[in-house]
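Here is a quick walk through one protein model, written for someone who likes to check things against the coordinates. Keep the viewer open while you read.

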Amino acid sequence: MRLAYSAYLVRDYDEAIAWFGKALGWRVIEDRDLGGGKRWVRVGGEEGGQLLLARATSDAQLAAVGKAAGGRVAYFVHTGHFDADHARMVAAGVAFAEAPRHEAYGKVAVFADLYGNRWDLIEAPAEVPMESGAAA
């Protein structure tokens, strides 16, 4: 078994699709109308990893948007081109919480998505496999 994708809570499908395209360069993998305003929308990058966009439909769900992992880093994107991707993301208006720094697991910088969820942009050093990732 493998994890195929993870639900990502959004206020609006289209604003999230636009943000992921602009900020991370991700594309829509699937966008299927399920009726009643509900859609099955998967987004992801060229090198794998997908999110299933889940539109919040109740007050409790709306209150939870942007609170993945309780304010800790919830998502980790790995790159082989940290400096170029970081510069592109800054130019796209992505809000980084810090300057890039070097850790044992690689070069990293924390950024916030359109809802305030925290992400790590990581470039692992050559001797550390990207699957090992960072400590949460």
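## His81, out in the open

Let's begin at His81, which counts as exposed at 55% relative accessibility. The cut-off for that label is over 50%. His81 sits in the loop that runs between E5 and helix H3 (82-91). Now pick Gly48 as a reference point: it is 33 residues from His81 along the chain, and their C-alpha atoms are separated by 16 Å.

One thing to keep in mind before going on: this is a predicted model.

## The overall picture

So what does the whole chain look like? The protein has three helices and nine strands. Reading from the N terminus, the order is β-α-β-β-β-α-β-α-β-β-β-β.

For 136 residues, a compact globule would have a radius of gyration near 14 Å, and the protein comes in at 15 Å, so the two agree. The C-alpha trace spans about 50 × 30 × 30 Å along its principal axes. As for long-range contacts, take those with a separation of 6 or more: residues 24 or more positions apart account for 54% of them.

## Surface and charge

Of the 136 residues, 36% count as buried. The protein exposes about 7,800 Å², and carbon and sulfur atoms supply 53% of that area.

On the charge side, there are 15 positive and 18 negative charges. If you take the mean position of each set, the two points are 5 Å apart.

## Aromatic rings

If you like ring geometry, there is plenty to click on: the structure holds 11 aromatic pairs. One of them joins Tyr5 and Trp40, an edge-to-face pair at 6.1 Å centre to centre with 80 degrees between the planes. Tyr5 belongs to the segment before strand E1 (6-10), while Trp40 is part of strand E3 (residues 38-45), so this pair ties together parts that are 35 residues apart in sequence. Are these two rings buried or exposed? Tyr5 counts as partly exposed at 30% relative accessibility, and Trp40 is also partly exposed, with a relative accessible area of 26%.

Then there is a cluster linked by ring pairs. Its members are Tyr8, Trp19, Phe20, Trp26, Tyr75, Phe96, Phe111, Tyr115 and Trp119. Try selecting these residues together in the viewer.

## Two loops around H2

Next, look at the loop between strand E4 (48-55) and helix H2 (59-64), where you will find Thr57. Thr57 is exposed, with a relative accessible area of 58%. Asp12 is 45 residues away from Thr57 in sequence, and the C-alpha to C-alpha distance between them is 9.9 Å.

The loop between H2 and strand E5 (73-78) holds Ala69. What is the sign of phi at Ala69? It is positive: phi of Ala69 is near 60 degrees, in a residue other than glycine. Most residues other than glycine have a negative phi. Ala69 is partly exposed, with a relative accessible area of 47%.

## Ala97 and Gly106

Ala97 lies in the loop that links strand E6 (95-96) to strand E7 (101-103). With a relative accessible area of 54%, Ala97 is exposed. Which residues does Ala97 contact, leaving aside its neighbours within four places in sequence? The answer is Val110, Phe111 and Arg118. Phe111 is 14 residues from Ala97 in sequence, yet the C-alpha to C-alpha distance is 5.4 Å. Phe111 is also one of the rings in the cluster.

Gly106 is a buried residue, at 5% relative accessibility; the cut-off for buried is under 20%. Gly106 belongs to strand E8 (residues 106-112). Not counting residues up to four places away in sequence, Gly106 touches Arg101, Glu123, Ala124 and Pro125. Leu121 makes a handy distance check here: Leu121 is 15 residues from Gly106 along the chain, and their C-alpha atoms are separated by 9.9 Å.

Key: Residues numbered from 1 in each chain as written. Predicted model: local features only at pLDDT ≥ 70, side-chain atom pairs only at ≥ 80, totals over all residues. Heavy atoms only, no water. Helix = DSSP H or I, 4+ residues; strand = E, 2+ residues; numbered from the N terminus. Rg over C-alpha atoms; globule rule 2.2 N^0.38 Å. Buried < 20%, exposed > 50% of the residue type's maximum accessible area, 1.4 Å probe, protein only. Contact = heavy atoms within 4.5 Å. Areas by Shrake-Rupley, 256 points an atom, 1.4 Å probe, with all protein chains shown as cover. Lys, Arg positive; Asp, Glu negative; His and termini not counted. Charge placed at Lys NZ, Arg CZ, Asp CG, Glu CD. Phe/Tyr/Trp six-rings, centres within 6.5 Å; stacked < 30°, edge-to-face > 60°.
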